[in-house]
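Let us walk through this structure one region at a time. Keep the sequence and the 3D view side by side.

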Amino acid sequence: MFLQIGEIAEQIPEISPHHKCEYVDQIFKSNPQLQGVAVTENGHPVALIMRIRFYQQIGTLYGYTLYMGRAVSLVMDRNPLAVEYKTPITEVSRLAMNRNEENLYDYVIVIHEGVMFGAVSVRDLLLNFAEIQAVAASFLNPLTGLPGNLSINESMVKSLLQEQFSVLYIDLDHFKAYNDTYGFKEGDRMIQATAEILKHCALRLEGFLGHIGGDDFIIFINNYDYEDCCRIIIREFETAVKGFYHTGHLAQQYVLTESRSGVMEEIPLVSISIAIVTNRFQRFDSIEAISGEAARIKKKCKMIKGSSLVDDADRIASGSGN
């Protein structure tokens, strides 16, 4: 997949501002598929001549007589969209679509090391942009729009290389009971609300936020300064979650739902758990080792009633350093 505009650029004919319009006419007639030519001076693009506007001008009643024997400077566009080779295709697409309507389908000129490199048609630009968007979507969770497991694994590997890192595993307790009681649509709304709370936290921590799936999220940061932000997450979630329950359930603090064994049970309202793995007290050589430690800490979270925050501080007490 191409990401930089220069990777999809193609060469187009170059002429000087002193060439006559009849020369441009010859180029277009001998290249029926060609949509434009570049006007350059010493290799630097200074203008663009698009086929459709060229023939619109010389096709008038006196246009042929007026222009054909004269320099192309009379008909060229002196302000074409020109971008550097390494400019992202997504950025060029935005710039191209913001042009005036009359220039919307003009070539985009590509410059490399200060000189003319090539040009990109709007068709090729949009085809590649669509491909980039499709690939990007495959990396995102469709419910929250957050990076999914492919990006999470990449971030996990990067964390192993950091001098300091903290990995925050976040999930919702008793979420299945909520889904069973209120339905999947309301369950999705709760997950989306949780994602918004976590986005604000990730921004404050300058960290990476990913959506593992379902009600499971993860945040990576390159330090150990997570505690205040985690307490904010818990406080904001406990406030937000009240808006997802009927007053009766809020008053009794549970929902009555069928367990896996078919027995009706009183299940507490949804709470949030945050299990934190750091490399303060032990070294990790693989993402599997991090996940294993996370599983251990998450078990401790689940033993706490209500929302909770548990990190690996118990490693000091146990004296474990491996």
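Start with Phe-28. At 1% relative accessibility, Phe-28 counts as buried, because the cut-off for buried is under 20%. This is a predicted model, and every value here is computed from it.

Nine aromatic pairs occur in the structure. In one of them, the ring centres of Phe-28 and Tyr-55 lie 6.0 Å apart, and the planes meet at 55°, so this pair is tilted. Phe-28 belongs to helix α1, while Tyr-55 belongs to helix α2 (residues 51-58). The two residues are 27 residues apart, so the pair links distant parts of the chain. Tyr-55 has 27% relative accessibility and counts as partly exposed. Phe-54 joins in as well: ring pairs link Phe-28, Phe-54 and Tyr-55 into a cluster.

Now follow helix α1 to its neighbours. Helix α1 spans residues 21-30, and together with β1 and β2 it makes a right-handed β-α-β unit. Strand β1 (residues 14-15) pairs with β2 in the parallel sense, over two bridges. Where does Ile-15 find its bridge partner in β2? The partner is Val-39.

Strand β2 also pairs with strand β3 (residues 44-50), here in the antiparallel sense and over six bridges. Across this pairing, Ala-38 stands opposite Leu-48 in β3. The hairpin of β2 and β3 has two residues between the strands, and Asn-42 takes a positive phi near 55° there. How enclosed is strand β2? Five of its six residues (36-41) are buried, so β2 is largely enclosed by the rest of the structure.

Turn next to the nonpolar interior. The largest nonpolar core has 36 residues. Those with the most contacts inside this core are Leu-168, Ile-170, Met-190, Phe-217, Tyr-245, Val-270 and Ile-274. Two or more residues each come from β7 (166-173), α7 (175-182), α8 (184-205), β9 (216-221), α9 (227-241) and β12 (271-278). Helix α8 gives the largest share, eight residues. Apart from this core lies another, of 26 residues. Ile-15, Cys-21, Ile-49 and Ala-119 are among its members.

Go back to Val-270 in the largest core. Which residues does Val-270 contact, leaving aside neighbours within four places in sequence? They are Leu-172, Asp-173, His-174, Phe-175, Tyr-178, Met-190, Phe-237, Val-241 and Tyr-245.

Two names on that list deserve a stop. The first is Tyr-245. At 1% relative accessibility Phe-28 was buried; Tyr-245 is buried too, and so is Tyr-182. Tyr-182 and Tyr-245 form an edge-to-face aromatic pair, 5.6 Å centre to centre, with 90° between the planes. Tyr-182 sits in helix α7, and Tyr-245 in the loop between α9 and α10 (247-252). With their positions 63 residues apart, this pair also links distant parts of the chain.

The second is His-174, placed in the loop between β7 and α7. Most residues other than glycine have a negative phi. His-174 is not a glycine, yet its phi is positive, about 65°. Its relative accessibility is 36%, and it counts as partly exposed.

Gln-253 repeats the theme. Its phi is positive, about 65°, although it is not a glycine. Gln-253 is found in the loop between α10 and β10 (254-258). At 46% relative accessibility, Gln-253 counts as partly exposed.

End with a charge and a ring. The charged end of Arg-280 sits over the ring of Tyr-224, 5.7 Å from the ring's centre.

Methods:
Residues numbered from 1 in each chain as written. Predicted model: local features only at pLDDT ≥ 70, side-chain atom pairs only at ≥ 80, totals over all residues. Heavy atoms only, no water. Buried < 20%, exposed > 50% of the residue type's maximum accessible area, 1.4 Å probe, protein only. Helix = DSSP H or I, 4+ residues; strand = E, 2+ residues; numbered from the N terminus. Pairing = 2+ DSSP bridges. Right-handed = clockwise from strand over helix to strand, strands pointing away. Core = buried A, V, L, I, M, F, W, Y, C linked by side-chain atoms within 4.5 Å. Contact = heavy atoms within 4.5 Å. Phe/Tyr/Trp six-rings, centres within 6.5 Å; stacked < 30°, edge-to-face > 60°. Lys NZ or Arg CZ within 6 Å of the ring centre and 35° of its normal.
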